[in-house]
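Welcome to the tour! Open your viewer, load the model and keep the selection tool handy.

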Amino acid sequence: MSHSGKSPLPLSGHPLVTLRQLERSDAPAWYAYLADPAVVEHTSWALRSADDLQANFDDYASAGPASSIRLAVVLRDGGQLAGTIGFNAISPQHRTAEIAYDLAPAVWGQGVATSVVNAVVDWGFQRLGFLRIQATVLESNERSIRVLERCAFEREGYLRCYRQIRGRSGNFWLYARIAAAR
């Protein structure tokens, strides 16, 4: 299992967006929509400025097999950042990863999340060699729960007090999708 830049990126089948590597220069645009309370209301993001994103870019730039991967979701027309998607908690030994994504409100309700989640999950199985891709979703995040369920993720459990959400314990659902051929 390797993701050191040798694997072609997944292709978005959605007419509105495409995927590319996330770059440090995306930080201001990424922060701009993550600063919207409606975007982070049902997530564990707790940012004070675009500088808070910089440590993430250090991890994304690493070529280590367990380093997180984050891709930019960009508008086909104009190339503006419309979201990010990728894998955290990658375990090369167990061939598992956790998918995470966020989108700007301008593209909500247009099928973008479902399309890019499916594309990135397929890429994770076919190109990166994952056997299991899981997702943790705050119990109140009904939109993301619907995306995961449309993308054939199965609910596996309930994680009480799993993460701190801006100073308060949050309960999360655990979802997973398993590669077709194990």
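How much space lies in the largest pocket? In this predicted model, the answer is about 930 Å³. To find the middle of the pocket, select Thr43, Tyr101, Asp102, Asn141 and Ser144: of the 41 residues that line the pocket, these are the closest to its centre.

Next, colour the elements that give two or more residues to this lining. Among the helices, pick helix 2 (37–40), helix 3 (54–61), helix 4 (112–126) and helix 5 (142–150). Then add two strands, strand 4 (96–103) and strand 5 (132–138).

Now try colouring the lining by residue type. You should find 19 nonpolar, 13 polar and nine charged residues there.

Time to zoom out and select the whole protein chain. Switch to the cartoon view and look for five helices and seven strands. Starting from the N terminus, trace them in the order β-α-α-α-β-β-β-α-β-α-β-β.

What box do the C-alpha atoms fill? Along the principal axes, the box is roughly 40 × 40 × 30 Å. The radius of gyration is 15 Å, which agrees with the value near 16 Å for a compact globule of 182 residues.

Stay with the whole chain and turn on the contacts. Of those with a separation of 6 or more, 62% link residues 24 or more positions apart.

For the last stop, show the surface. Its accessible area comes to about 9,300 Å², and carbon and sulfur atoms hold 49% of that. Underneath, buried residues make up 46% of the 182 in the chain.

Definitions and conventions:
Residues numbered from 1 in each chain as written. Predicted model: local features only at pLDDT ≥ 70, side-chain atom pairs only at ≥ 80, totals over all residues. Heavy atoms only, no water. 1 Å grid on protein atoms, 1.4 Å probe; cavity = no way out; pocket = protein on both sides within 12 Å on 5 of 7 lines; lining within 4 Å. Points joined across faces, edges and corners; volume = space filled by probe spheres on them. Helix = DSSP H or I, 4+ residues; strand = E, 2+ residues; numbered from the N terminus. Nonpolar A, V, L, I, M, F, W, Y, C, P; charged D, E, K, R; others polar. Rg over C-alpha atoms; globule rule 2.2 N^0.38 Å. Buried < 20%, exposed > 50% of the residue type's maximum accessible area, 1.4 Å probe, protein only. Contact = heavy atoms within 4.5 Å. Areas by Shrake-Rupley, 256 points an atom, 1.4 Å probe, with all protein chains shown as cover.
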